[in-house]
Amino acid sequence: YGIMEPKGYCEEIPPQKIDLAFVPCVTCNKKGDRLGYGGGFYDRYLVKNGDRYYKTAICFDYQLLDDIPAEEFDIRPDMIITDKRIITAQEL
């Protein structure tokens, strides 16, 4: 998918030392549902460790839609940041 990944020589950071996770998305809606790239990588990781992190999705404002399909196992971000606004947890 052309997603940048850490090189093999990069130091792995244990989950206990992470406070903030930037979660990529193709699109989000204003309720906090997120569509990723379809592999479920972040959802599987966050199911195990997500309570430790403040999860933030980043996208362009035009990528926010009114409605997108979501599954019960999808992990929602705590905040969405776009180029035009910040949608906080209280607004999701």
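## Contacts around Cys-25

A contact here means heavy atoms within 4.5 Å. With that in hand, we can look at Cys-25 in this predicted model. Leaving aside residues up to four places away in sequence, Cys-25 touches Arg-34, Leu-35, Gly-36, Ala-57, Ile-58, Cys-59 and Gln-63.

Cys-25 also belongs to the largest nonpolar core, which has seven residues. Its companions there are Cys-28, Ala-57, Cys-59, Leu-64, Ile-80 and Ile-87. Ala-57 and Cys-59 are thus members of this core, and both are on the contact list of Cys-25 as well.

## Overall fold

Let us step back to the whole chain. The chain contains one helix and seven strands, and reading along the sequence gives the pattern β-β-β-α-β-β-β-β. The radius of gyration is 13 Å, close to the 12 Å from the globule rule for 92 residues, so the chain is as compact as a globular protein of that length. Along the principal axes, the C-alpha trace spans about 40 × 30 × 25 Å.

How much of the chain counts as buried? Of the 92 residues, 29% do. The accessible surface comes to about 6,900 Å², and carbon and sulfur atoms account for 55% of that surface. As for contacts between residues at least 6 apart in sequence, 59% join residues at least 24 apart.

## Salt bridges between loops

Side chains of opposite charge can pair when their charged atoms come close. The structure holds six salt bridges, and three of them are worth a visit here. In one, the side chains of Lys-30 and Asp-66 meet at 3.6 Å, N to O. Lys-30 sits in the loop between strand 2 (27-29) and strand 3 (34-35), while Asp-66 sits in the loop between strand 5 (64-65) and strand 6 (79-81), so the pair ties together parts that are 36 residues apart in sequence. Lys-30 is partly exposed, at 36% relative accessible area, whereas Asp-66 is exposed, at 66%.

Lys-31 and Asp-67 form another salt bridge, at 3.9 Å, N to O. This pair links distant parts of the chain, with Lys-31 in the loop between strand 2 and strand 3 and Asp-67 in the loop between strand 5 and strand 6, 36 residues apart. The relative accessible area of Lys-31 is 42%, which makes this residue partly exposed, and Asp-67 counts as exposed at 56%.

## The Asp-61 and Arg-85 pair

Where do the two partners of the Asp-61 and Arg-85 pair lie? The salt bridge itself has its closest N and O atoms 2.6 Å apart. Asp-61 is in the loop between strand 4 (54-58) and strand 5, and Arg-85 is in the loop between strand 6 and strand 7 (86-87), so that distant parts of the chain, 24 residues apart, are linked.

Is Asp-61 buried or exposed? Residues under 20% relative accessible area count as buried, and Asp-61 has 18%, so Asp-61 is buried. Its partner Arg-85 is partly exposed, at 33% relative accessibility.

## Two exposed residues

Lys-48 is part of helix 1 (residues 41-49) and is exposed, with 65% relative accessibility. The C-alpha atoms of Lys-48 and Pro-15 are 9.7 Å apart in space, with 33 residues separating the two in sequence.

Glu-5 lies in the segment before strand 1 (20-24). Its relative accessible area is 64%, so Glu-5 is exposed. Between the C-alpha atoms of Glu-5 and Phe-22, which are 17 residues apart along the chain, the separation is 14 Å.

Notes:
Residues numbered from 1 in each chain as written. Predicted model: local features only at pLDDT ≥ 70, side-chain atom pairs only at ≥ 80, totals over all residues. Heavy atoms only, no water. Helix = DSSP H or I, 4+ residues; strand = E, 2+ residues; numbered from the N terminus. Buried < 20%, exposed > 50% of the residue type's maximum accessible area, 1.4 Å probe, protein only. Core = buried A, V, L, I, M, F, W, Y, C linked by side-chain atoms within 4.5 Å. Salt bridge = Lys/Arg side-chain N within 4 Å of Asp/Glu carboxyl O. Rg over C-alpha atoms; globule rule 2.2 N^0.38 Å. Areas by Shrake-Rupley, 256 points an atom, 1.4 Å probe, with all protein chains shown as cover.
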